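User: Please take a close look at one part of this model, the packing of helices on a sheet, and follow it outward to whatever it connects with.

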Amino acid sequence: MIEVAIAAAKAAGKLQRAAFGMEQVVNESLAHDIKLELDIKSQELIEKHILDHFPKHAIVGEEGVNGDQESDYKWIVDPIDGTVNFSYGIPHYCVSIALQYKHEIMIGVVYDPQRDELFTSERGKGAYLNNVPMKTSNRGDIKDCILSLGMAKTAESIESAFTQMNFYAHRAKKLRNMGSAALDLAWIASGRLDAYVERGVNWWDIAAGILLIESAGGKVKIAPNSIGKGFEVIATNGSLEMAFV
Ligand code: IPD
Ligand code: CA
């Protein structure tokens, strides 16, 4: 199954790399979001890979559902995480694919096509960056840490991010707002970033990254978003203690 996830992520990544920097067909442009035709094409490619191998499984993706939604096996797909970055020519986005069995995430794959970096994890078998074991950082004091703060699409999410920024910017080494939740989580798993905070993420933004972080020694706290839709997430390297302010 992980091989299928990797092949699907790499195929979508190849498509995206070939289209990167070219004019894109924009399906929808909202105040704080963009939907490209390429989001859909990437998801279709991923679905084909998965359903060719596992026709009875379910797919739940940012661009819709496919397969048998009653299945205990659910593939959680974000075909391009960081679509706004992609469409502005910023080479920081990824493909995120997780496999869930009942309620447990069993496989997490995040692929960064621009750097050719593949982050993988199978439950109980550790976490890897391009097949090399990865570990979260051990920085436990906020003054040494780089925190990435996400802003979702709603006014509440943006306001909450400002509140977190206002508080943590004075305490952390640096703050970042990078535009791809899934890649932020993968970067925590690899030890580059120390924590990630966002209110208003969707399950496909975080499912793969959660397993990567937990398998690399970190911790993820998830709850229903207390001020709006989706989830609120605090992901850390496992040494740093953090909360929403
Ligand atoms: C978005 C990105 C962004 C995060 C948003 C997500 P998309 O996903 O991950 O960093 O702040 O909450 O919705 O729309 O690029 O797939
Ligand atoms: Ca996303």
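Analyst: In this predicted model, helix α4 (residues 155-168) lies across β11 (146-149), β12 and β13 (195-201), and runs at about 160° to β13. Helices here are DSSP runs of H or I with at least four residues, strands are runs of E with at least two, and both are numbered from the N terminus; contact means heavy atoms within 4.5 Å. Angles, from 0 to 180 degrees, are taken between the N-to-C directions of axes fitted to C-alpha atoms, for helices over the stretch in contact. Helix α5 (residues 181-189) lies across β11, β13 and β15, at about 155° to β13.

Residues are numbered from 1 along each chain as its sequence is written, while chains are lettered from A and ligands numbered from 1 in the order in which they are written. Local features need pLDDT of at least 70 and side-chain atom pairs count only at pLDDT 80 or more, whereas totals for chains, interfaces and linings use all residues, and side-chain values use heavy atoms, with hydrogens and water left out.

The strands beneath this description form an open sheet of five in the order β12-β11-β13-β15-β14, with mixed pairing, where two strands pair if DSSP finds at least two bridges between them. At its edges stand β12 (174-176) and β14 (219-224), each of which pairs on one side only, and from one strand to the next the twist averages 15°. Six bridges join β14 to β15 (residues 231-236) in the antiparallel sense, with Lys221 opposite Ile234 of β15.

A further link runs through the calcium ion (ligand 2), whose protein donors are Asp78 (OD), Asp81 (OD) and Asp205 (OD), at 2.0 to 2.2 Å from the ion; donors are N, O and S atoms within 2.8 Å of a metal, or 3.2 Å for Na, K and Ca, and the site may look incomplete because water is not among the atoms. Since Asp81 lies in strand β5 (residues 73-81) and Asp205 in helix α6 (residues 203-215), the pair ties together parts that are 124 residues apart in sequence. Both Asp81 and Asp205 are buried, that is, under 20% relative accessible area with a 1.4 Å probe and protein chains only.

Strand β5 belongs to an open, mixed sheet of eight strands, ordered β4-β3-β5-β6-β7-β8-β9-β10. There β4 (64-67) and β10 (132-133) are the edges with a single partner strand each, so one side of each is left without a neighbour in the sheet. Helix α1 (residues 2-19) packs on this sheet, touching β5, β6, β7 and β8 (117-122), and its direction makes about 30° with that of β7.

How values were computed. Buried < 20%, exposed > 50% of the residue type's maximum accessible area, 1.4 Å probe, protein only.
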